[in-house]
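Biologist: I'd like a close look at the charged pairs in this protein and at what surrounds them. Please keep it simple, as I'm new to reading structures.

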Amino acid sequence: MQTYSIKTFGCQMNYSDSERVAAVLEQCGFVKAHQDQAPDLQIVNTCSVRQRSEDKAYGFIVSTKKNCPETIVAVTGCMVRQTGDRSSSQDELLRYDPVDVVFRIEDVARLPKLLESRFPTHDFSSYFQHLQIPGSGCLDPGIDSEANYFNVVPKVENKTQVFVPIMQGCDKFCTYCIVPYTRGRESSRPMEDIFSECERHVVNGALEITLLGQNVNSYTDNGKKCFSELLRKIDTLHTKGLSRLRFTSAHPQDFTDDVIDVLAKMKTSCPYIHLPVQHGANRVLRAMNRNYTVEKYESIVYKIRKAIPDAILATDIIVGFPGETESDFQELLDFAKRIEFDFSYTAIFSPRRNTPASRMQKDFISLDEKRGRFHRLDDVVKKTAFAHRDLFLNKDVQILVETSLPQKNGLQLNGGRSREFFEVYFESGRNFIGREVNVCITGRKGYVLEGEAQ
């Protein structure tokens, strides 16, 4: 019996993709390898948002082949441009000896066909016999790759918290971003298919669902932009046990009033809203091709906080974008002080090959300058983020427990996220993994909160 292992780099979308890869492999009769076992097949699901992510993936691929030369290495994710092997694809990754097969994630249903020649003694017939059976989760030659991808029923590792992709690709073409070139143009799933998958997860015990897409709020059904309708429909699953509905990531250009109105009224809504801004200077936003202004972003935040007074706001920011002046950066600092973010996933600009920003070399900023600006912005964000967390001292929050570790004192250290997405830990005599627990916050260490179960 052939064994497999999956190594995932990157965001929640990548982890969701890996669940679909695992499902296809197990339909083919592969079994998951034990941690101390060299797998027959190593899947590497890659991320190319930053050079560091690619470097980590390359390092893992090389070490895998060095330590386990007989293992077949198949690479997918954002670093792959063309599905196939050396006989059928010219993907750049195939220039590296450790890589045997590459496949775009939307081609995951084609993976068994790619593996046939690599595993000649393995019986793939149980998979191929289902090719023409609707709803089998297998490849249907009559539909396109995206539909095949969405039709695969994922092998969910955590049944309490699940990720559900609602779309693939992006049409925004931000000048720094590789996604439109690796994930392709936007393609949305039918609303009924999404709802059916969410309903199945809830029936199987899901308390929290996170909707995934490169730009979820540009979701369309039958050509109509209707993300708010999708949220409203999935919210009805609260009657079957769904407690939390999250989504990532959103784009300010599509964060419309109807979405805010629905979020304010949903029974499963969480006050945490992740709304990437990327910068706080209009000149830099134009260079990034973000298609909104600082003023527009601030008006959205005003509407959110008016409709949802307890809203917790997270963002993405890039420092050191080509041509960013000290004046631009000061505008960013002033902007961050005005907005008072609770979270900022701040990154130092990393040029991605073949993007417009990578060709702005004459405007590149030194690494030392970028690092200095990163730390200056981080200090601003921490000041407001920590102050907001301190407001929760001596208050109760609801934690969905994700981890539980035994302590020397005989108790369990339970950890998870509040509805506000705060990371919280508390000791108890019980393991609460997969359960929602009311916790009184008693302290803070940096971004992390500590408390006592009620």
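**A charged pair and its surroundings**

Modeller: Let's start with E326, which counts as partly exposed because its relative accessibility is 35% (buried is under 20%, exposed is over 50% and partly exposed is in between, using a 1.4 Å probe on protein chains only). Keep in mind that the model is predicted, so to speak of a local feature I need pLDDT of at least 70, and side-chain atom pairs need 80 or more, while totals for chains, interfaces and linings use all residues. Numbering starts from 1 along each chain as its sequence is written, and side-chain values use heavy atoms, with hydrogens and water left out.

Now for E326's partner. R373 makes a salt bridge with E326, and their closest N and O atoms are 3.8 Å apart (a side-chain nitrogen of Lys or Arg within 4 Å of a carboxyl oxygen of Asp or Glu). This pair links distant parts of the chain: R373 sits in helix α13 (residues 367–390) and E326 in helix α12 (residues 326–339), 47 residues apart (helices, H or I, of at least four residues and strands, E, of at least two are DSSP runs numbered from the N terminus). R373 has just 5% relative accessibility, so it counts as buried. So you have a buried arginine joined to a glutamate that is partly exposed. Some salt bridges share partners too, and these join E208, R244, R246, R419 and E436 into one network.

How many salt bridges does the structure hold? The count is 34. One of them is formed by K172 and D254, whose closest N and O atoms are 2.9 Å apart. K172 is in the loop between β7 (167–168) and α6 (179–182), and D254 is in the loop between β12 (244–248) and α9 (257–265), so this pair ties together parts that are 82 residues apart in sequence. Both K172 and D254 are buried. Another pair is E197 with R189, at 2.8 Å between the closest N and O atoms, and again both residues are buried.

The loop that holds D254 is also home to S249. Look at the peptide bond leading from T248 into S249: it's cis, with omega near -5°.

Next, the nonpolar side of things. In soluble globular proteins, nonpolar side chains tend to be buried together. Here the largest nonpolar core has 56 residues, and the ones with the most contacts inside it are I209, L211, F227, L231, I234 and F255 (a core joins buried Ala, Val, Leu, Ile, Met, Phe, Trp, Tyr and Cys through side-chain atoms within 4.5 Å). Helix α12, the home of E326, gives the most to this core, with 6 residues. Another core, of 29 residues, lies apart from it and has C28, L115, Y127 and Y149 among its members.

Zoom in on I209. Skipping neighbours within four places in sequence, I209 is in contact with V162, V164, C198, V202, L242, R244, L245 and R246 (heavy atoms within 4.5 Å). You've met R244 and R246 already, in the salt-bridge network.

Finally, go back to α12 and step into the loop between α12 and β15 (343–348), where E340 is. E340 isn't a glycine, yet has a positive phi of about 60°. With a relative accessible area of 36%, E340 is partly exposed. F421 also has a positive phi, near 75°, without being glycine, and is found in the loop between β17 (412–418) and β18 (423–428). F421 counts as buried because its relative accessibility is 16%.
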